Amino acid sequence: MSALDPSSYTATQEALARCRCYRKEHGLYGIVDSALGRIMLEIGSVGAVTMPADFGARVRDHLQARKRCGPVIGHPRSGRWTFLTGPTDDSYLDIALFSDLFRDCAAVALPGSHIVLPSPTDEHTGYRSWVCPPDSDFRPELAEVVAATRECRPVQR
């Protein structure tokens with residue numbers, strides 16, 4: 001897609017409309033990368049935990065049983081899910097936590113890094129979509145998702 005390509009213009013306009021919705025209805029203050037038509041969200045006031053999809057399904061079920069599941073983004077091509085949380089904290093500095101999550105191919109997103117929210121272009125191509133769409137501006141605390149991740153970890157053999 002180039003800047004002069006009509007499909008690029010349409011993708012950008014659709015992404016801008018979706019981005020406004022995310023801001024107004026869900027408190028997700030992303031910005032649109034007009035070159036790609038993607039919606040970028042900086043980690044900070046929103047945190048994120050990423051893991052393999054099969055592991056993520058167990059974590060989602062665990063959180064839903066407690067009525068504490070927030071938005072979850074699916075990345076079908078890579079087989080990963082990203083759980084959006086409340087504000088990030090200093091837990092990314094915890095070596096024991098890093099080791100626990102690393103062993104399970106999971107990670108806490110670092111403050112200042114960016115994640116991509118589902119845009120219309122992503123959904124049409126199957127690149128990124130909502131597994132659990134946002135519900136107003138609710139997001140569980142980062143510590144809740146990390147605790148659920150530890151409780152639902154795969155059995156080590």
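These are my notebook entries on a helix pair, a surface patch and two backbone angles in a predicted model.

**Helix 2 and helix 5.** I began with helix 2, residues 53-65, and helix 5, residues 142-151, and found that their axes come within 9 Å and cross at roughly 120°. I kept both values, because two packed helices are described by the angle between their axes and the distance between the axes. Angles over 145 degrees would count as roughly antiparallel and those from 65 to 115 as roughly perpendicular, and helix 2 and helix 5 are therefore oblique to each other. For the handedness I noted that helix 2 passes helix 5 in a right-handed crossing.

**A nonpolar surface patch.** I then looked at the surface, where Tyr92, Leu93 and Leu110 form a nonpolar patch, with about 280 Å² of accessible area together. Of these residues I followed up Leu110, which sits in the loop between strand 6 (107-108) and strand 7 (114-117). Its relative accessibility is 47%, so I entered Leu110 as partly exposed, given that exposed requires over 50%.

**Positive phi angles.** Next I turned to the backbone and found Cys105, a residue other than glycine, with a positive phi near 60°. Cys105 belongs to the loop between helix 3 (95-103) and strand 6, and its relative accessibility of 48% makes it partly exposed.

I recorded Ser136 in the like manner, since its phi is also positive, near 50°, in a residue other than glycine. Ser136 lies in the loop that runs between strand 8 (129-132) and helix 5, and I entered Ser136 as partly exposed because its relative accessibility is 40%.

Key. Residues numbered from 1 in each chain as written. Predicted model: local features only at pLDDT ≥ 70, side-chain atom pairs only at ≥ 80, totals over all residues. Heavy atoms only, no water. Patch = residues over 30% accessible without salt bridge, like charges linked within 9 Å, V, L, I, M, F, W, Y side chains within 5 Å. Areas by Shrake-Rupley, 256 points an atom, 1.4 Å probe, with all protein chains shown as cover. Salt bridge = Lys/Arg side-chain N within 4 Å of Asp/Glu carboxyl O. Helix = DSSP H or I, 4+ residues; strand = E, 2+ residues; numbered from the N terminus. Buried < 20%, exposed > 50% of the residue type's maximum accessible area, 1.4 Å probe, protein only. Axes fitted to C-alpha atoms, helices over the stretch in contact; angles between N-to-C directions. Parallel < 35°, antiparallel > 145°, perpendicular 65-115°, else oblique. Left-handed = near helix turned anticlockwise from the far one by under 90°.
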